[in-house]
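Me: I'm new to this one, so please slow down and take me through one part closely: the inside. I'd like to hear what sits there, and how the rest relates to it.

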Amino acid sequence: MASDTQALLELVRDTLAAVEGVATCKVGREANMTPADYPMVRIVPMRLAEGDLVGARAVEALVYFGQPIHEFANGLESLYWSHLTMEARLLAALQGPAAPFHCKHHETLLDEDRVEAYKILAMRVTLEP
């Protein structure tokens, strides 16, 4: 039997997997990702806390998303525009009227171009049933 937290994370995973442009979406960020996994979304729980509803748990998480840099012939600037579009799509899925959960977006963290082959961003969110 799945816990309420597991059920919430599965709902979030399935919601984000349906977003246009997402190739793979999973809970957890595995070390052995390949180019076939991109464009990717990974939901990484950071903290479990009491939710706003009595008896509900809140999940603080990072929602990573990214793409290989080499796929963008128009340069890094083009990749930034693509990531801003993806961020908007992911937020619309997480916070739209059809979302079967509540999501508060705190901030989006950028990788400061530190990773040579991939551009990875992360949204810090709180999720509740």
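Reply: One definition before we go in: a residue is buried under 20% relative accessible area, exposed over 50% and partly exposed in between, using a 1.4 Å probe and protein chains only. This is a predicted model, where local features need pLDDT of at least 70 and side-chain atom pairs count only at pLDDT 80 or more, while totals for chains, interfaces and linings use all residues. Numbering starts from 1 along each chain as its sequence is written, and side-chain values use heavy atoms, with hydrogens and water left out.

Let's get our bearings. The chain has 2 helices and 5 strands (DSSP runs numbered from the N terminus: H or I of at least four residues for helices, E of at least two for strands). Walk along the sequence and you meet them in the order α-β-β-β-α-β-β. Along the principal axes, the C-alpha atoms fill a box of roughly 50 × 30 × 25 Å. Of the 129 residues in the chain, 43% are buried.

Now to the inside itself. The largest nonpolar core (buried Ala, Val, Leu, Ile, Met, Phe, Trp, Tyr and Cys joined through side-chain atoms within 4.5 Å) has 25 residues. Val12, Leu16, Val41, Leu90, Leu94, Met123 and Leu127 have the most contacts inside that core. Its residues come from several places: α1 (4-17), β2 (40-50), β3 (57-68), α2 (76-95) and β5 (118-128) each give at least two. Helix α2 makes the largest contribution, with 5 residues.

Zoom in on valine 12 for a taste of the packing. Setting aside neighbours within four places in sequence, valine 12 is in contact (heavy atoms within 4.5 Å) with Ile43, Leu94, Phe101 and Leu127. Apart from this core lies another one, of 8 residues, including Tyr38, Tyr118, Ile120 and Ala122.

Two of those names deserve a pause. Tyrosine 38 and tyrosine 118 are both buried. The structure holds 1 aromatic pair (rings of Phe, Tyr and Trp, the last by its six-membered ring, with centres within 6.5 Å; planes under 30 degrees apart are stacked, over 60 edge-to-face, the rest tilted). The ring centres of tyrosine 38 and tyrosine 118 are 4.4 Å apart and the planes meet at 25°, so this pair is stacked. It ties together distant parts of the chain, since tyrosine 38 is in the loop between β1 (24-27) and β2 while tyrosine 118 is in strand β5, 80 residues apart.

Not everything buried is in that list of nonpolar types. Threonine 5, in helix α1, is buried too, with a relative accessible area of 16%. Beyond its neighbours within four places in sequence, threonine 5 is in contact with Leu48, Arg57 and Val59.

Working outwards, methionine 46 is in strand β2 and is partly exposed, at 43% relative accessible area. Not counting residues up to four places away in sequence, methionine 46 touches Glu60, Ala61, Leu62 and Arg124. Methionine 46 and valine 125 are 79 residues apart in sequence, yet their C-alpha atoms are 9.9 Å apart.

Last stop, the outside: glutamate 112, in the loop between β4 (102-110) and β5, counts as exposed at 55% relative accessibility. Its C-alpha atom is separated by 19 Å from that of arginine 29, 83 residues away along the chain.
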